Amino acid sequence: MTEARPTPAGTGASGGAGDSARRSNLATVLSLVHHDGPHSRAELTRATGLNRSTIATLATQLAELGLAYEAAPMGSNAIGRPSPTVHADASTAAIAINPEIDAITVGLVGLGGGMLHRVRHETPAIPSAREVVDISAAIVHDIRSRPGAPRIVGVGVAVPGLTRAEDGMVTYAPHLEWNDEPIAQLLREATGFPVRAANDASLGANAEKVFGAGRGADNILYLNGGASGIGGGVISGGALLTGAAGYAGELGHTLVSSGGALCHCGANGCLETEVSRAPLLDALGLAPGESERLEDELGAAYASDAPPAALARVVDAQVGFLGIALRNAVNLLNPGVIVLGGFLGLLHAVAPVALDRAMRGQAMRGPRDDVRIERARLGRDILMVGAAELAFADILANPRAVAPPVP
Ligand SMILES: [Zn+2]
């Protein structure tokens, strides 16, 4: 996958490099208001180093492209002429799709990162790629047919499996039982939009970087625990670590117990066999379908001085194994922040000191010194926002590439 992280083109660029500099300045301003919210012209001037008249011109150009709009500052009581505020324009949006074992979620995410619309279509069985394409295309058609529908610039797909960055081919998605499914190509044919697909945890990592707990950090390790295991994504030096073909970050399948259980990947003692949601639900007396109660029940059990011994044993064991995985990752990757989502975020919430000790007690001095562990902040919309970011990448890199606004 590509990540659009435009850099400021400097001030006063002109001549032969002028076109690309202007494009890059436009991209910089659009990324600022998309990722970090509304900015006054004065703030944009400070953030970019560009002069006021250049910022005014860029804001006007973004408005003409339908990507931003200017408004009077909210609650302004400043004396004199207040600097207008530049907002990302959510009338330009992206479609996000996330197939899971029991449902297909399709979302509409506006420029600026806000969820505009979300449809969760439950499936009676694990959906095939063809079913995901047909159901998603029908939902997209419905979204486009609504009065006042935004301009859609593309589709991003968050896949719970190994996905090739170059062409959005799902090589292997074990829980969906997909092998070599060209999901991006099929969706492109069905919807007519440009489509990109990537691993769900990689997209989650990027979403936490641009909108969540990893904001401002350039070296992030993201781990998410869900019903179907543990996914991981790594941001290194500001860019998503993809590896040779886009498969990097499978921290759920790193070894944490040499005598551990057999994993569906074929190996033994993977993080995701030793640390999983089911035993936590079980220890709390919850059924597998009651996972939405996990946070409240776990929190209530740990709010007392003495959580039930059987539960504490499960939590302690899982925290220990998670600590081993984090130690390995800290030594290997030297992240500045570790962001934990899903039930891994809950383990951190109830046992922050034990988890920190398990990681820090075994990692090397140096890499362990400045790393901090945080719970993911984006909640249930994280994969929608992450997939949309993939679909926005092209216009964030080159705002002029966007099709004309809907009249
Ligand atoms: Zn495994």
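The following paragraphs describe the overall form of the chain, two of its sheets, and selected helices and residues.

The structure is a predicted model, in which local features require pLDDT of at least 70 and side-chain atom pairs count only at pLDDT 80 or more, while totals for chains, interfaces and linings use all residues. Residues are numbered from 1 along each chain as its sequence is written, and side-chain values rest on heavy atoms, with hydrogens and water left out.

The secondary structure of the chain amounts to 13 helices and 16 strands; helices (H or I, at least four residues) and strands (E, at least two residues) are DSSP runs, numbered from the N terminus. The chain has a radius of gyration of 22 Å, close to the 22 Å that the globule rule gives for 407 residues, so it is as compact as a globular protein of that length. This radius is taken over C-alpha atoms, and the globule rule is 2.2 Å times the number of residues to the power 0.38. Along the principal axes, the C-alpha atoms of the chain fill a box of roughly 65 × 50 × 40 Å. Of the 407 residues, 50% count as buried, where buried means under 20% relative accessible area, exposed over 50%, and partly exposed in between (1.4 Å probe, protein chains only). The accessible surface of the chain is about 17900 Å², and 51% of this belongs to carbon and sulfur atoms; accessible areas come from the Shrake-Rupley method with a 1.4 Å probe, and for residues only the protein chains shown count as cover. Among contacts in the chain with a separation of 6 or more, 63% are between residues 24 or more positions apart, a contact being defined by heavy atoms within 4.5 Å.

One open sheet is formed by 5 strands in the order E6-E5-E4-E7-E11, with mixed pairing; two strands pair if DSSP finds at least two bridges between them. Strand E6 (115-122) and strand E11 (195-199) stand at the edges with a single partner strand each, so one side of each is left without a neighbour in the sheet. From one strand to the next, the twist averages 20°. Axes are lines fitted to C-alpha atoms, for helices over the stretch in contact, and angles run from 0 to 180 degrees between N-to-C directions. Within this sheet, strand E4 (residues 92-99) and strand E7 (residues 151-159) pair in the parallel sense over 5 bridges, and isoleucine 95 has valine 155 in E7 as its bridge partner. Helix H4 (residues 129-145) packs on the sheet and touches E4, strand E5 (103-110), E6 and E7, its direction making about 35° with that of E5. Helix H5 (residues 183-191) lies across E4, E7 and E11 and runs at about 150° to E11.

A further open sheet consists of 3 strands in the order E8-E9-E10, and its pairing is antiparallel. Its edge strands, strand E8 (162-164) and strand E10 (178-181), each pair on one side only, and the twist averages 15° from one strand to the next. E8 and strand E9 (residues 169-173) pair over 3 bridges; the bridge partner of threonine 163 is valine 170 in E9, and leucine 162 stands opposite tyrosine 172. The hairpin of E8 and E9 has 4 residues between the strands, and glycine 168 in its turn has a positive phi of about 65°. E9 and E10 likewise pair in the antiparallel sense over 3 bridges, with asparagine 179 in E10 as the bridge partner of tyrosine 172. In the hairpin of E9 and E10, with 4 residues between the strands, glutamate 177 takes a positive phi near 60°.

Helix H3 (residues 52-64) has 13 residues, which at 1.5 Å a residue should span 18 Å, in agreement with the 18 Å between its end C-alpha atoms; the expected span is 1.5 Å times one less than the number of residues. In H3, Ile55, Ala56, Leu58, Ala59, Gln61 and Leu62 are buried. Arginine 52, also found in H3, counts as exposed at 54% relative accessibility. Not counting residues up to four places away in sequence, arginine 52 touches Ala42 and Thr45. Just after H3, glycine 66 takes a positive phi of about 75°. Proline 352, found in helix H12 (residues 352-360), is partly exposed, with a relative accessible area of 36%.
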